[in-house]
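Please read the following account with the sequence and the model side by side, moving from charged contacts to aromatic ones and then to the surface.

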Amino acid sequence: MTFDLEPGTITGFLGPNGAGKSTTLRLLLGLVRPTSGDALVFGRRYAGLDQPARRVGAVLEASDFDPGRSGRNHLRALALAIDIDFGRVEEVLDIVDLGDAAHRRVKTYSLGMRQRLGLAGALLGDPELLLLDEPANGLDPEGVHWLRGLLRQFAKQGRTVLISSHVLAEVAQVVDAVLIIDRGRLVASREMTELTGGDRSLEDLYLELTAKERV
Amino acid sequence: MTAQLRSELFKQRTTRTTLGLVLAMVVLVAAVILLHVVALPTQGLTGRQGQLKVLGLGTTFGMIFGSLLGALSITTEIRNGMIRPTLLAMPNRSRVVAAKVMACLIAGAALGLFSEAIAVGMGAAGLAARGIQIAPSVGDFAQLLVGGAAAAALWAAIGVGIGATLRNQVGAAISLVVWLLFIEMTVIGVAPAVGKFLPGASGGALAGAMLQETATYLLVPAVGALLMVAYAALAIGAGLVTTARRDIN
């Protein structure tokens with residue numbers, strides 16, 4: 001599977017549950033080892049990138065924290081590991097609007113706040129590429145709206161976003177392009193402009209490609 | 001490397017787990033020492049050997065809590081998912097494990113020193129209060145403190161290795177405690193000539209003290225130290241191999 005992501009765009013990574021979206025992201029990030037072949041991002045293995053956290057930011061699960069640590073200290077622990085000063089921690093806390101809750105233990109956070117803290121961690125290294133696995137899970141409509149705005153702004157700065165989801169409607173409004181995978185294979189890659197008629201035809205395409213093979 | 005080490009030391013300072021371990025250790029050491037100096041007959045508390053057995057309890061608890069600290073430093077991250085951001089920040093897994101080992105050597109030494117200091121302080125005060133003359137020399141006390149710190153530090157490193165190998169938080173913690181408190185004690189009780197070479201007894205040899213009746217079987221500190229380093233290297237090696245191979249889902 002090979003795909004290109006255009007800088008300055010948001011790409012949806014779509015597919016049914018179990019299609020391999022999460023596994024693909026974990027392969028790219030070197031968390032999971034391929035049984036054969038290699039997973040490359042920016043032409044190299046993630047671990048082979050120079051200061052990878054400054055090039056790729058990722059959120060894989062909604063709550064990858066020590067619940068007993070405060071939001072601020074969680075980010076500070078990561079900042080120390082990627083050699084970034086604590087000033088940047090305050091910046092990303094502002095970006096995700098968690099400044100007021102940063103001193104509280106993560107245990108007390110709502111799911112939406114945890115999602116935002118995860119996002120703050122991904123933004124810490126000021127990366128060019130953001131990989132988000134189902135980032136809207138657990139967000140209320142207001143949270144989804146907020147996330148959309150944040151991602152648009154991020155893309156507007158010439159950076160790239162890949163956002164996986166199995167909920168088409170969640171993604172259709174924000175993405176510039178879509179990749180559709182099914183059973184571990186890339187089955188379609190389209191610009192949203194190619195899909196005239198908006199959501200409707202994305203849904204048609206998705207259903208056609210993912211349903212056909214499953215019967 | 002230093003960045004990752006700083007991060008690991010910071011993690012230790014900012015989690016309640018560390019505080020909980022320290023508190024539990026303090027309470028246990030204080031209670032057990034108190035029990036021994038109050039309840040043991042004067043006969044068992046006179047003389048250097050008898051007193052060292054009691055004073056050396058601080059090292060036993062230092063090793064137990066050091067090993068737990070080490071094991072939890074990695075198994076807790078695997079359990080709560082923090083391991084993912086950790087590995088995204090530092091994808092070289094060997095370096096993450098190495099940084100955890102170093103951070104736990106430092107924290108483990110502090111735990112061991114603290115534990116033995118409580119044991120020595122409370123033990124000596126208790127003996128004095130009962131009017132029993134304190135038999136160990138200044139050198140014995142120094143060895144208890146320095147050796148206790150070193151033993152707990154090395155057991156913390158073993159803990160990281162075992163934690164990285166087993167990956168399961170509860171499983172790793174129980175294995176370490178069962179090993180130190182039951183398996184080793186049993187082997188030492190049944191066959192002290194063999195038991196003295198085991199990792200817990202080797203740690204006791206560093207401090208020059210052990211609870212068991214077989215304290216006279218203790219290895220000389222240098223041999224104990226060498227064995228401890230070898231055991232730690234083995235455990236860390238197993239942890240490195242496992243960590244490098246396993247997928248993080």
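In this predicted model, the side chains of A:Arg88 and A:Glu91 form a salt bridge in which the closest N and O atoms are 2.8 Å apart. Both residues belong to helix α3 of chain A, where, being three residues apart, they are separated by about one helical turn. The two partners can be told apart by their accessibility: A:Arg88 counts as buried because its relative accessibility is 14%, under the limit of 20%, while A:Glu91, with a relative accessible area of 43%, is partly exposed. The contact also has a wider setting, in that A:Arg88 and A:Glu91 are linked with A:Asp126 and A:Arg159 in a network of salt bridges. Over all chains, the structure holds 14 salt bridges.

Chain B offers a further case, centred on B:Glu77, whose side chain meets that of B:Lys11 in a salt bridge with an N to O distance of 2.8 Å. Since B:Glu77 lies in helix α5 (residues 57-80) of chain B and B:Lys11 in helix α1 of chain B, this pair ties together parts that are 66 residues apart in sequence. The side chain of B:Glu77 also meets that of B:Lys100 in a salt bridge, here at 2.9 Å from N to O. In this second contact the partner of B:Glu77 in helix α5 is placed in helix α7 (residues 93-129) of chain B, so the pair ties together parts that are 23 residues apart in sequence. How accessible are the residues that take part in these contacts? B:Glu77 is buried, with a relative accessible area of 5%, and B:Lys11 likewise counts as buried, at 5% relative accessibility. B:Lys100, at 1% relative accessibility, counts as buried too.

We turn now from charges to rings. A pair of aromatic rings is described by the distance of the centres and the angle of the planes. Over all chains the count comes to two aromatic pairs. In one of them, the rings of A:Phe3 and A:Phe13 have their centres 5.7 Å apart and their planes at 45°, so the pair is tilted. Because A:Phe3 lies in the segment before β1 of chain A and A:Phe13 in strand β1 of chain A, the contact ties together parts that are 10 residues apart in sequence. A:Phe13 itself counts as buried, its relative accessibility being 0%.

A:Phe86 and B:Phe10 also form an aromatic pair, again tilted, with 6.1 Å from centre to centre and 55° between the planes. This pair crosses between chains, running from A:Phe86 in helix α3 (residues 86-95) of chain A to B:Phe10 in helix α1 (residues 2-13) of chain B. Helix α3 of chain A thus contributes to this contact through A:Phe86 as well as holding the salt-bridged residues A:Arg88 and A:Glu91. At 29% relative accessibility A:Phe86 counts as partly exposed, whereas B:Phe10, at 7%, counts as buried.

The surface of chain A, finally, carries a negative patch, which is formed by A:Asp4, A:Glu6, A:Asp176, A:Glu191 and A:Glu194. One of these residues, A:Asp4, is placed in the segment before β1 (10-14) of chain A, the segment in which A:Phe3 also lies. A:Asp4 counts as exposed because its relative accessibility of 73% is over the limit of 50%.

Methods: Residues are numbered from 1 along each chain as its sequence is written. Chains are lettered from A and ligands numbered from 1 in the order in which they are written. This is a predicted model: local features need pLDDT of at least 70, side-chain atom pairs count only at pLDDT 80 or more; totals for chains, interfaces and linings use all residues. Side-chain values use heavy atoms; hydrogens and water are left out. Patches are made of residues with over 30% relative accessible area and no salt bridge: like charges are joined within 9 Å, nonpolar side chains (Val, Leu, Ile, Met, Phe, Trp, Tyr) within 5 Å. Accessible areas come from the Shrake-Rupley method with a 1.4 Å probe; for residues, only the protein chains shown count as cover. A salt bridge is a side-chain nitrogen of Lys or Arg within 4 Å of a carboxyl oxygen of Asp or Glu. Lys and Arg count as positive and Asp and Glu as negative; His and the chain ends are not counted. The place of a charge is taken as NZ of Lys, CZ of Arg, CG of Asp or CD of Glu. Helices (H or I, at least four residues) and strands (E, at least two) are DSSP runs, numbered from the N terminus. Buried means under 20% relative accessible area, exposed over 50%, partly exposed in between (1.4 Å probe, protein chains only). Rings of Phe, Tyr and Trp (its six-membered ring) pair if their centres lie within 6.5 Å; planes under 30 degrees apart count as stacked, over 60 as edge-to-face and the rest as tilted.
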